Amino acid sequence: MSDTLNPGLEGVLLDESALSYIDGDDGTLLYRGYRIEELARETSFEEVTHLLWEGQLPDASTLSSFRSTLAEQRAIDPSVDAVIETLVAAEEAPMAALRTLISMLSAYDSVQADDDLAQLRETACHVTAQLPTLLAAYHRRREGDRPVEPDPALSHAANFLYMLTGEAPDPVIAEGFDMALVLHADHGLNASTFSAMVTASTMADLHSAITAAMGTLSGPWHGGANAAVMQMLREVDASDSPPTEWVADALEAGRRIPGFGHRVYSVTDPRATILSEASEALATAAGDPRWIEYSTAIETYMREEKGLVPNVDFYSASMYHQMGIPTDLYTPIFALSRVVGWAAHIVEQRTDNRLIRPRARYVGPQERPVPPIAER
Ligand SMILES: CC(C)(COP(=O)(O)OP(=O)(O)OC[C@H]1O[C@@H](n2cnc3c(N)ncnc32)[C@H](O)[C@@H]1OP(=O)(O)O)[C@@H](O)C(=O)NCCC(=O)NCCS
C-alpha cells in the first residue's frame, strides 16, 4: 500500500473514461473525440447529451425522437410545485432549492431501482428534462408569478428561457444559451462529477448521486464562481476605480479572483475563449461594451500579474447578465447542463463499478488510555 500523499487528489488517475479528453497544456477539450469548438458551433445541447450518453452524435431522426423523449418529461408533479412555494416562502437560495428539489424528484420517479443501465438512463432523462422546469418555476414563484407550462415544441435551451420569462426567447439569445449548455455538459472528473461518482460507487441511486453533485457544484471554487464573477463585475461598475485596481486590492487582501485558475488548464480554457467571443457579440449587439471591457481588462491583468487564465465561469457571467438572467441563477444553470455529464459518468462507471474509498495518512496520537470522566 503506497503512502504517497496526493492533496486534492492532484494528478491521480481514478478510472478510465471515454467521455471527455482534456489537455491542459495546450487548452484542448474533446467530448468523445469531438473538439469543443466544433461542438459549440455545430451542435445543440440535445445532440451533445445524446453524444455523451449514447456514444455517438444522433442522425436527424434519432435526434428528433430523442428531443421528444426529453420534452415529454418536462412537466413536474403539482405536489413538487407546492414544495417550491414552501422553499420560496423560506427564502431559500436557488441553488439550495434546486438541490432539495432534485432529491425530492425520486419520490415521483416511476423507476425506483437504478440497478440496470437502461433504468439508469431513463432516470437520467427524467432528471435532465425536469431540472429546467424546477428552476424556472422556482424563479417565477419568487417573483410572484405563476409557473409557465413547458412548451414541447421548443428546444431544451429555448424552453427554459421561455419558462423563465413567459415570453418566446429571442432566437439569438436562445442559440447563445444553448451553446453555453453545450460547453458546460461535461469536464472529466471535476469535483462535482467525482462527488457523484463517489456516491454512485456505493450503488446508491442516481438521485442521491446527483444531489451530492449539486452540493459540490455550489461552492465558489467550483460552479459558484460564475455568480461570484458577476458580483465582482458589479462592484467594479459601482466603483470609480479601474477594474485592475479592484483586482489588485482583492489580491493584496489575499482573496482569489473568481473565474481564474484551474486544476487542469494552464495555458487557456477553450470554453472561456468561446464564451468571451459570445459575450462580446452580445455587447456589440446591445451597444453596451461595459461588462466585456471590465472582463477583458481583468483577464489581461490576471495573465500578466498572476499567470492565471480565465476559466469557464469568467465569461459566462457577463454573457448571462447580458441575456437578462438573474445572477443567482447562474450556478443552478450550470447544473442544468452538467447533470448530463454526471449521469454519463455514473452510467460509464456502473459497467465496471468499484467502491471509491481512499485513505488519509494518520497523524494523530496512538494508543492512548481513556481516562475516567472525573480526570479529563
Ligand atoms: C479553481 C481552483 C480552485 C483551482 O485550485 P488548485 O488547482 O487547487 O490551485 P491552488 O489552490 O493550489 O492554487 C495555486 C496558487 O494559485 C493561486 N490561485 C489560484 N486561483 C487563483 C485565483 N482565482 N485568484 C488568485 N489566486 C489564485 C492560489 O492562491 C495558489 O497560490 P499559492 O501557491 O501562493 O498559495 C482555483 O484556481 C480557484 O480557487 N479559482 C477561483 C474560483 C473559480 O474560478 N473556480 C471555478 C473553476 S472552473
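Helices here are DSSP runs of H or I with at least four residues, strands are runs of E with at least two, and both are numbered from the N terminus. The model is predicted, so local features need pLDDT of at least 70 and side-chain atom pairs count only at pLDDT 80 or more, while totals for chains, interfaces and linings use all residues. Residues are numbered from 1 along each chain as its sequence is written, and side-chain values use heavy atoms, with hydrogens and water left out.

**Exercise 1. Determine how far helix H7 (residues 156–165) is enclosed, what covers it, and what follows it.**

Step 1. Take buried to mean under 20% relative accessible area, exposed over 50%, and partly exposed in between, with a 1.4 Å probe and protein chains only. Eight of the 10 residues of H7 are buried, so the helix is largely enclosed by the rest of the structure.

Step 2. The buried residues of H7 are His156, Ala157, Ala158, Asn159, Phe160, Leu161, Met163 and Leu164.

Step 3. With contact meaning heavy atoms within 4.5 Å, the cover over these buried residues includes H2, H6, H8 and H16.

Step 4. Just after H7, glycine 166 takes a positive phi of about 80 degrees.

**Exercise 2. Carry out the analysis of burial and cover for helix H15.**

Step 1. Of the 11 residues of H15, 10 are buried, which leaves the helix mostly covered. They are Val312, Asp313, Phe314, Tyr315, Ser316, Ala317, Ser318, Met319, Tyr320 and Gln322.

Step 2. Among the elements that cover them are helix H8 (171–184), helix H11 (225–238), H13, helix H14 (290–306) and helix H16 (330–350).

Step 3. Glycine 324, just after H15, has a positive phi of about 85 degrees.

**Exercise 3. Classify the aromatic pairs that involve phenylalanine 314.**

Step 1. Rings of Phe, Tyr and Trp (its six-membered ring) pair if their centres lie within 6.5 Å; planes under 30 degrees apart count as stacked, over 60 as edge-to-face and the rest as tilted. By this rule the count comes to seven aromatic pairs.

Step 2. The ring centres of phenylalanine 260 and phenylalanine 314 lie 4.6 Å apart with their planes at 55 degrees, so this pair is tilted. Because phenylalanine 260 lies in the loop between helix H12 (243–252) and helix H13 (270–286), and phenylalanine 314 in helix H15 (residues 312–322), the pair ties together parts that are 54 residues apart in sequence. Both phenylalanine 260 and phenylalanine 314 are buried.

Step 3. Phenylalanine 314 also forms an edge-to-face pair with tyrosine 315, at 4.9 Å centre to centre and 80 degrees between the planes; tyrosine 315 is buried, as is phenylalanine 314.

**Exercise 4. Describe how helix H2 (residues 45–54) packs against H16.**

Step 1. Axes are lines fitted to C-alpha atoms, for helices over the stretch in contact, and angles run from 0 to 180 degrees between N-to-C directions. The axes of H2 and H16 are 9 Å apart, and the helices pack at an angle of about 15 degrees.

Step 2. That makes H2 roughly parallel to H16, given that angles under 35 degrees count as roughly parallel, over 145 as roughly antiparallel, 65 to 115 as roughly perpendicular and the rest as oblique.

Step 3. In the packing, Phe45, Thr49, Leu52 and Trp53 of H2 meet Leu336, Ser337, Val340, Ala343 and Ala344 of H16.
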